[in-house]
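Student: I should like a close look at one part of this protein, namely its strands and the way they are arranged into sheets. Please set the account out in connected form.

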Amino acid sequence: MENIDNETIKFDCNRGCTVSRDSETGEYECDYRQGCCKLESYNWLKGVTQEQYKDLFEVRFKNTRKGIYVNASGQGIKTGDLVIVEATNGHDLGIVTLEGPVVGRQMRCKGIDSEVVPLKKIYRRAKPFDIAKWQEAIAREQDTMIQARRIAAELGLDMKIGDVEFQGDGTKAIFYYIADGRVDFRQLIKVYAEEFRIRIEMKQIGARQEAGLIGGLGVCGRELCCANYITNFQSISTSAARVQDLSLNPQKLAGQCGKLKCCLNYEVANYMDAQTRIPKVTEPLEFEDGPAYLVKTDILQETMYFSYEKGSLTNVYSLHASEVREIIMMNRNGQRPESLKSEPEPIGPQFISAVGDDSITRFDKPKKSKNKGRSGKKGGRGRRPRNDDN
């Protein structure tokens, strides 16, 4: 690594490694980057060893494809090693991402039973010529995906090629595609096989899975949840937005995949629990000085806002949900509270920074006055003060 220039180091975030090349020998150097992996599993049992899991390893390939393999090579393998593994046809190259007892827990979570379905084998650690062949196959993926999209469009197929992943030996490629319905791609596979001279595997994915494969940043400024940790995509409906009292604006509720945001489901349970403690107001609350109409509800704080003017947000008064329940019971018994105006008006939210009560406009430049006198200009005549006595 002494003859490697930092400028030649490439970061392959799809596989979670850095790739560099020695200027003298021309050999590739690949280093595993743990924080660069999508959908990475943290080894919280690191350093713990158990005899039954000593030969089991999790091997990761491009994007989110990974599997459990058994070490049949007799070599000492650890996390971060590039290994040659068994494939359906030929062999593949992947990176070891987990070892030890945590692999057993991963198997139980994914329902993998080695007694029912035998695990595939790890043949050996990857050699320099294996890595070189692997990198040559990776270099073909982008051009292959562009050509594959062009061929699918020429055949008039209603589908989109989202990504292409080559096998480590370069003899097979997985084409990930998106389609609304069923696609007859028998002719497409024949054209792909003749064009690329490899074995073809077509794998259909959804729009959310495509966003997870490509990655990106959400409107929150953080990495997309589907690219970071989500493995199972649950159905999301507009009822999740209604429960949280969100505006049903498709442009704001949709993510980069064009579907409803996955984060809409995160707080639904909290909102549904809070709504059980909020009374249902179907008619205005009766006070001695007139009826008060519900204009807004803060579900999580269990606060309800009322106004004497129907549909108006002026002169709004807040009541806790428990107080509203008591007033409803009083109205049913023919009783009316004195007035809502005796309650103090709510104070609007104020900006408070992490370091204190600083103004949010403290960094803004002060506006210059437009009525500035001309006396300050060079050569200008100053304005004479007016004397009302003369």
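Tutor: What follows treats the two sheets in turn, and then one residue of a further strand.

The model is a predicted one, with an average pLDDT of 82 for the protein and a score of at least 70 for 86% of the residues. A reservation applies to residues 375–385, where pLDDT stays under 50; for this stretch the model has 3 contacts beyond four places in sequence.

One open sheet consists of 3 strands in the order β1-β2-β3, and its pairing is antiparallel. The edges are occupied by β1 (10–12) and β3; each has a single partner strand, so one side of each is left without a neighbour in the sheet. From one strand to the next, the twist averages 25°. Within this sheet, β2 (residues 17–21) and β3 (residues 28–32) run antiparallel and are joined by 5 bridges. Cys17 is the residue that stands opposite Tyr32 in β3. The connection between β2 and β3 makes them a hairpin, with 6 residues between the two strands. In the turn, Gly26 has a positive phi of about 75°. Helix α2 (residues 128–139) lies across β1, β2 and β3, and runs at about 80° to β3.

The other open sheet also has 3 strands, ordered β9-β10-β11, but here the pairing is mixed. Its edge strands are β9 (160–166) and β11 (199–204), each of which pairs on one side only. The twist from one strand to the next averages 25°. The pairing of β9 with β10 (residues 172–178) is antiparallel and extends over 6 bridges; in it, Glu165 stands opposite Ile174 of β10. Helix α3 (residues 141–154) packs on this sheet, where it touches β9 and β10. The direction of α3 makes about 150° with that of β9.

Finally, strand β14 (residues 303–307) contains Ser307. Is this residue buried or exposed? Ser307 has a relative accessible area of 1% and is therefore buried, the cut-off for that term being under 20%. The side chain of Ser307 reaches the backbone nitrogen of Glu309 at 3.2 Å. When neighbours within four places in sequence are set aside, Ser307 is in contact with Pro291, Ala292, Tyr293 and Val295, and also with Ser312, Thr314, Asn315 and Val316.

How values were computed: Residues numbered from 1 in each chain as written. Heavy atoms only, no water. Helix = DSSP H or I, 4+ residues; strand = E, 2+ residues; numbered from the N terminus. Buried < 20%, exposed > 50% of the residue type's maximum accessible area, 1.4 Å probe, protein only. Polar contact = N/O pair within 3.5 Å; in protein donor to acceptor, adjacent residues only side chain to side chain. Contact = heavy atoms within 4.5 Å. Pairing = 2+ DSSP bridges. Axes fitted to C-alpha atoms, helices over the stretch in contact; angles between N-to-C directions. pLDDT = per-residue confidence, 0-100.
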